[in-house]
Every structure is written in structure tokens, then in C-alpha cells.
Amino acid sequence: MAGFGKRRLADRASGPATLVAEGCTIEGTFSGANDLLISGSVIGDSQLDGVVTIARSGLWRGALTARNVIISGTAEGDIVAHGHIEISASARISGTVTGARIAVAEGAVIDGEMRITGSEAASSTFSEKRADDHAPPIEKAS
């Protein structure tokens with residue numbers, strides 16, 4: 001992945017993410033500065049200054065705007081990242097994907113446009129060599 005460095009976004013997570021667990025659905029407008037991990041469903045729009053990860057079982061329906069986005073699940077709506085977007089092989093997206101840099105794994109399905117906004121406009125493809133779910137580890141409360 002040219003320009004992305006040697007580590008993926010999931011490897012560079014800043015700490016524990018806010019979790020929307022599998023089987024849970026949340027509706028509304030979201031804003032904040034922390035990372036967000038979606039294993040359940042989110043219906044709504046966002047303005048987030050963190051990394052949003054949609055896990056393999058996750059669904060986002062609405063406009064998603066964040067600093068960086070990792071998609072392994074399903075996204076229905078436009079996605080805008082001010083930084084990087086990483087789209088895994090299991091991802092299913094319908095909508096416009098916009099980011100400074102975009103990496104797409106072989107097998108991902110995107111029904112819409114991809115727009116690269118970075119000054120070094122670059123996209124890349126990659127083959128998955130990791131476990132099925134690419135979510136960063138979640139710290140458990142003690």
C-alpha cells in the first residue's frame with residue numbers, strides 16, 4: 001500500500017474504541033473525537049474526529065464523516081474521511097467513498113464512486129492476510 005506506511009490503520013488505533021455491539025442498533029446524529037467500533041447497526045449521520053471501524057458484522061446506514069475509516073462490513077450512504085479509508089475484502093458499500101487515500105482489498109464490493117482528495121491522489125489494492133474481522137482489540141474494563 002504505497003503511502004500508507006507499513007502498518008494498517010487498525011494497527012495504529014490510539015486506544016479503546018466506543019463499541020456498538022453486535023445485535024445492538026443505535027439511531028441518531030453522532031459527533032466526537034474518539035474512535036468508534038461498529039459490530040451492530042448504526043442508522044444516522046456523523047461528524048467524528050477519530051477512526052470509525054465497521055466490523056464484518058457491522059452496518060452503517062447514513063452519511064459517515066470521520067478522520068479515518070476502516071470498513072469490513074456494510075455501509076449504505078456516503079463516506080468521507082479527511083485521512084485514510086481502508087476497505088477490506090468483506091466490505092459491501094453503496095454510496096460515494098471520498099478520502100485523501102483509499103486502499104481496497106480484492107473482493108470488496110463498492111456500488112458507487114470513489115473520490116481521492118489527497119494532494120498525492122493515490123489508491124491501492126491489497127490481499128487480506130489477516131483474520132476475518134479487522135477490528136482493533138477492545139480493552140475490557142477490570
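How many of the 9 residues of strand S10 are buried? Hi everyone, let me start with that one. In this predicted model, the count is 7 of the 9 residues in S10, which spans residues 79-87, so the strand is largely enclosed by the rest of the structure.

Before we look at what encloses it, here is the overall picture. The protein has 15 strands and 0 helices. It has 142 residues, and 46% of them are buried. About 7200 Å² of surface is exposed, with 47% of that supplied by carbon and sulfur atoms. Among contacts with a separation of 6 or more, 16% are between residues 24 or more positions apart.

A quick word on confidence. The mean pLDDT is 82, and 73% of the residues reach 70 or more. Please be careful with the two ends, though. Residues 1-7 stay under 50, and the model gives them 14 contacts beyond four places in sequence. Residues 133-142 are also below 50, and that stretch has 17 contacts beyond near neighbours in sequence.

Now, back to S10 and its partners. On your screens, find strand S12, residues 97-105: S10 pairs with S12 in the parallel sense, over 7 bridges. One residue pair to click on there is Glu86, whose bridge partner in S12 is Ala103. Strand S7, residues 64-66, also runs parallel to S10 and is joined to it by 3 bridges. Here Thr65 sits opposite Val80 of S10. Then there is strand S8, residues 68-71, again parallel to S10 and again with 3 bridges. In that pairing, Ile71 faces Ile87 of S10.

As a general reminder, strands in a sheet pair through backbone hydrogen bonds, either parallel or antiparallel.

What about the side chains? The largest nonpolar core has 23 residues, and those with the most contacts inside it are Trp60, Val69, Ile79, Ile85 and Ile87. At least two residues each come from strand S3 (36-38), S4, strand S5 (51-54), S7, S8, S10 and S12. The biggest contribution is from S10, which gives 4 residues.

Which residues does Ile79 touch, leaving out those up to four places away in sequence? The list is Leu64, Val69, Ile71, Ile85, Ile93, Thr96, Val97 and Thr98.

Thr96 deserves a stop of its own. It lies in the loop between strand S11 (92-94) and S12. Is Thr96 buried or exposed? Its relative accessible area is 16%, and the cut-off for buried is under 20%, so Thr96 counts as buried. Besides Ile79, Thr96 touches Gly77, Asp78, Glu113 and Arg115, not counting residues up to four places away in sequence.

Let me finish with another sheet. Six strands form an open sheet with parallel pairing, in the order S2-S4-S6-S9-S11-S13. At the edges are strand S2 (25-32) and strand S13 (109-111), each pairing on one side only. From one strand to the next, the twist averages 15°.

Within that order, strand S4 (residues 41-48) runs parallel to strand S6 (residues 59-61), with 3 bridges joining them. If you would like a residue to look for, Val42 stands opposite Trp60 in S6. Trp60 may sound familiar: it is among the residues with the most contacts inside the largest nonpolar core.

That's my tour, and thanks for listening!

Technical notes: Residues are numbered from 1 along each chain as its sequence is written. This is a predicted model: local features need pLDDT of at least 70, side-chain atom pairs count only at pLDDT 80 or more; totals for chains, interfaces and linings use all residues. Side-chain values use heavy atoms; hydrogens and water are left out. Buried means under 20% relative accessible area, exposed over 50%, partly exposed in between (1.4 Å probe, protein chains only). Two strands pair if DSSP finds at least two bridges between them. Axes are lines fitted to C-alpha atoms, for helices over the stretch in contact, and angles run from 0 to 180 degrees between N-to-C directions. Contact means heavy atoms within 4.5 Å. Accessible areas come from the Shrake-Rupley method with a 1.4 Å probe; for residues, only the protein chains shown count as cover. A nonpolar core is a set of buried Ala, Val, Leu, Ile, Met, Phe, Trp, Tyr and Cys residues joined through side-chain atoms within 4.5 Å. pLDDT is the predictor's confidence in each residue, from 0 to 100.
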